[in-house]
Amino acid sequence: MKAIETIRWDDDTNSIILIDQTRLPISYRMVRCRTVDRLIAAIRRLEVRGAPALGVAGAYGVALAARAVREKDFHRYLEQVETASLAVAHARPTAVNLSWGVQRVLSRVYKSGSIAEAHHLSLKEAEQIALEDVRACHAIGDHGSALIEDGSTVLTHCNAGALACREWGTALGIIRSAIESGKDVRVIACETRPLLQGARLTAWELKRDNIGVTVIPDSAAAHLMRNGEIDCVVVGADRVCHDAVFNKVGTYMHAICARAHSLPFYVAAPFSTFDPVHSGSEIVIEERDRDEVAFYGGHATVPEGVPVRNPAFDATPLELISAIVTESGVFQPPLDWDFIAQTRRVI
Ligand code: MRU
């Protein structure tokens, strides 16, 4: 499999380098974020996207803020780093990894005793988060591959692959690990309207690894399930709450269809995507711009003046989920959060 490094820190220029995912599959270009504002723009435009990659972006964003603030007074310095870091955390609301990555690095900044130490500790912690993400994805792959039978066709939605993480992927990590273990696995990638992360990104990275992938319109999923062409569904997550899993809009629809056709529905997510604090009803689902739905290839597809709704995510109730694959193993709902908290501590 060819390695993809979605996001990294560049020591020479004190900047973040990331793959511009808005240009794939037409061109493969890197973007350099030298300022916090540029990073926020990259997150909002989805140049970098996917929950674990956003966690890493948030973490590096604090390291960037720690270097960008020019204040000499240490107390005022900390206040300004916090303000800039929170702006990164709020760039997109639904994936919990973004604020988790920011808070984890910010807590190291608060513990530092000088500006020089804040520079050092923020980058050290951000690099640790990036490393842990790689390890978590490979562990998810190893645990999840046991769920995939040889000869399976797996339906996935959006992109929960290397491009959505530092590398390897969560849902696609399971597929990669299953294939590495010798299984024959084919993928059905839902195109994922309106921004086509499935068609553009999942298909791009699987083709690059010579993994068999076929793209379908999102609305064809039930038809293929009814025809017996799908063996299971594997998706990623943006936030795992007590009662629901948030992921790209359309996921809930696939979960209902999978239940109707008695197919297993698996979610792959590292613990950085778990939210032990909020229930599903408290989570803000990002509503994105009208034009993402109302225009296609530069042409209007909706009459002017007609309102459009564009929620980027939906919530799938845990009852519809067969299992959640984490870096510590496979959990069946209902989730025992005390057990998860204990397991999480010993990683
Ligand atoms: O709007 P996006 O492209 O950031 O949405 C991404 C998803 O919904 C992914 O499925 C999710 O973040 C899991 S990534 C491992």
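Student: What covers strand β7, and which of its residues are buried?

Tutor: In this predicted model, strand β7 spans residues 232–235 and is covered on both faces. Cys232 and Val234 lie on one side, Val233 and Val235 lie on the other, and all are buried.

Student: How buried is Cys232?

Tutor: Cys232 has a relative accessibility of 4%. Buried means under 20%, so Cys232 counts as buried.

Student: Which strands does β7 pair with, then?

Tutor: Strand β4 is joined to β7 by two bridges, and these strands run parallel. Within that pairing, Leu155 has Val233 of β7 as its bridge partner. Strand β10, residues 265–268, is joined to β7 by three bridges, again in parallel. There, Val234 stands opposite Tyr266 of β10.

Student: Since Cys232 is a cysteine, why is its sulfur not in a bond with the closest cysteine sulfur?

Tutor: The closest cysteine sulfur belongs to Cys190, and it is 13 Å from the sulfur of Cys232, which is too far for a bond. A disulfide needs the two sulfur atoms within 2.5 Å.

Student: How many disulfides are there in the whole structure?

Tutor: A search of the whole structure finds zero disulfides. Cys33 offers another example: the closest cysteine sulfur, in Cys165, is 18 Å from its own, so a bond is ruled out by distance.

Student: Is Cys33 buried or exposed?

Tutor: Cys33 is buried, and its relative accessible area is 0%.

Student: Back to the strands. Why is β5 largely enclosed?

Tutor: Strand β5 covers residues 185–190, and five of its six residues are buried, so the rest of the structure largely encloses it.

Student: What pairs with β5?

Tutor: Strand β4, residues 152–156, is joined to β5 by five bridges, and the two run parallel. Strand β6, residues 213–216, also pairs with β5 in the parallel sense, over four bridges.

Student: Where does Ala189 fit into this?

Tutor: Ala189 takes part in both pairings. Towards β4, Ala189 is the bridge partner of Thr156. Towards β6, Ala189 stands opposite Val215.

Student: Which helices go with these strands?

Tutor: Helix α6, residues 171–180, belongs with β4 and β5 in a right-handed β-α-β unit. Helix α7, residues 197–208, belongs with β5 and β6 in a right-handed β-α-β unit as well.

Student: New topic. How many residues surround the ligand, and which are the closest?

Tutor: The ligand is surrounded by 19 residues. The closest are Arg49, Arg92, Asp238, Asn247 and Lys248.

Student: At what distances do the side chains of Asp238, Asn247 and Lys248 lie from ligand oxygen atoms?

Tutor: For Asp238, a polar side-chain atom is 2.8 Å from an oxygen atom of the ligand. For Asn247, the distance from a polar side-chain atom to a ligand oxygen atom is 2.7 Å. For Lys248, a polar side-chain atom likewise lies 2.7 Å from an oxygen atom of the ligand.

Student: What share of the ligand does the protein bury?

Tutor: The protein buries 100% of the 420 Å² that the ligand exposes when taken alone.

Student: Lys248 belongs to strand β9, residues 244–248, right? What does that strand pair with?

Tutor: Strand β9 pairs with β13 in the antiparallel sense, over five bridges. Ala244 stands opposite Pro317 of β13. The open sheet here has three strands in the order β8-β9-β13, with antiparallel pairing.

Student: Why do β8 and β13 each have one side without a neighbour in the sheet?

Tutor: β8 (239–240) and β13 (313–317) stand at the edges and have a single partner strand each, so one side of each has no neighbour in the sheet.

Student: Now a couple of loops. Where is Val284, and is it buried or exposed?

Tutor: Val284 is in the loop between β10 and α10 (291–294). Its relative accessible area is 51%, so Val284 is exposed. The C-alpha atoms of Val284 and Ala95 are separated by 9.6 Å, although the two residues are 189 residues apart along the chain.

Student: And where is Glu327, and what does its side chain reach?

Tutor: Glu327 lies in the loop between β14 (323–326) and β15 (329–331). At 16% relative accessibility, Glu327 counts as buried. Its side chain reaches the backbone nitrogen of Phe271 at 3.0 Å.

Technical notes
Residues numbered from 1 in each chain as written. Predicted model: local features only at pLDDT ≥ 70, side-chain atom pairs only at ≥ 80, totals over all residues. Heavy atoms only, no water. Buried < 20%, exposed > 50% of the residue type's maximum accessible area, 1.4 Å probe, protein only. Pairing = 2+ DSSP bridges. Right-handed = clockwise from strand over helix to strand, strands pointing away. Near = heavy atom within 4 Å. Polar contact = N/O pair within 3.5 Å; in protein donor to acceptor, adjacent residues only side chain to side chain. Areas by Shrake-Rupley, 256 points an atom, 1.4 Å probe, with all protein chains shown as cover.
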